[in-house]
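The following exercises are meant to be worked through with the sequence and the coordinates side by side. Try each task before reading its solution.

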Amino acid sequence: MGRSRVQAGWVTLSKRASWFLIMVGVWTWAIWPNFLRNVWKDDRSWDNGPTGFFTVHLVLTVVSLAVGSVVGWLGIRGVQSVRDRDLATQPRRS
């Protein structure tokens with residue numbers, strides 16, 4: 001079969017899965033900061049300081065960015081492992 005797989009420690013990721021994880025990480029960083037900007041501008045966010053509405057959405061955004069960063073990092077590690085394995089199995093040129 002033509003699928004590239006790599007054993008990275010105790011998890012096996014395909015090249016396709018690794019790229020998907022990278023894209024999820026990028027998507028997370030593209031969406032959540034904009035979401036927080038929109039919440040910041042919302043009238044429900046401020047009443048002599050931040051409201052519960054704002055605080056809940058701030059926590060949600062921070063956690064989502066953290067998870068998205070870890071997922072993207074795992075994807076990068078998977079792609080690097082596939083690349084390293086492919087380089088190691090190429091025949092050497094004289």
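**Exercise 1.** Is P50 buried or exposed? Place the residue in the chain and list its contacts.

Solution. Bear in mind throughout that the model is a predicted one. Begin with the location: P50 belongs to the loop that runs between α1 and α2. Next, take its relative accessible area, which is 52%; because exposed means over 50%, P50 counts as exposed. Then turn to the surroundings: once neighbours within four places in sequence are set aside, P50 is in contact with S45 and T55. Finally, consider W40, which is 10 residues away from P50 along the chain, and whose C-alpha atom is separated from that of P50 by 9.3 Å.

**Exercise 2.** Compare the expected span of helix α1 with the distance between its end C-alpha atoms, and state which of its residues are buried.

Solution. Helix α1 covers residues 15-41, that is 27 residues. The expected span is 1.5 Å times one less than the number of residues, so for α1 the result is 39 Å. The end C-alpha atoms of α1 are 40 Å apart, which agrees with that expectation. As for burial, the buried residues in α1 include S18, I22, G25 and T28, and W32, L36 and V39 are buried there as well.

**Exercise 3.** Which residues does H57 touch, leaving out those up to four places away in sequence?

Solution. First locate H57, which is in helix α2. Its relative accessible area is 18%, and because buried means under 20%, H57 is classed as buried. With residues up to four places away in sequence not counted, H57 touches F35, L36 and V39; of these partners, L36 and V39 are among the buried residues of α1.

**Exercise 4.** Which residues form a nonpolar patch on the surface?

Solution. The patch consists of V59, V63 and V67, which together have about 250 Å² of accessible area. Taking V67 as the example, one finds that V67 lies in helix α2, residues 52-89, and that V67 is partly exposed, with a relative accessible area of 48%.

**Exercise 5.** How many salt bridges are counted, and which side chains meet?

Solution. Recall that side chains of opposite charge can pair when their charged atoms come close. The criterion is a distance within 4 Å, and the count comes to one salt bridge. The side chains of D42 and R44 meet in it, at 2.8 Å from N to O. D42 is partly exposed at 21% relative accessible area, whereas R44 is exposed at 52%.

Technical notes
Residues are numbered from 1 along each chain as its sequence is written. This is a predicted model: local features need pLDDT of at least 70, side-chain atom pairs count only at pLDDT 80 or more; totals for chains, interfaces and linings use all residues. Side-chain values use heavy atoms; hydrogens and water are left out. Buried means under 20% relative accessible area, exposed over 50%, partly exposed in between (1.4 Å probe, protein chains only). Patches are made of residues with over 30% relative accessible area and no salt bridge: like charges are joined within 9 Å, nonpolar side chains (Val, Leu, Ile, Met, Phe, Trp, Tyr) within 5 Å. Accessible areas come from the Shrake-Rupley method with a 1.4 Å probe; for residues, only the protein chains shown count as cover. Helices (H or I, at least four residues) and strands (E, at least two) are DSSP runs, numbered from the N terminus. Contact means heavy atoms within 4.5 Å.
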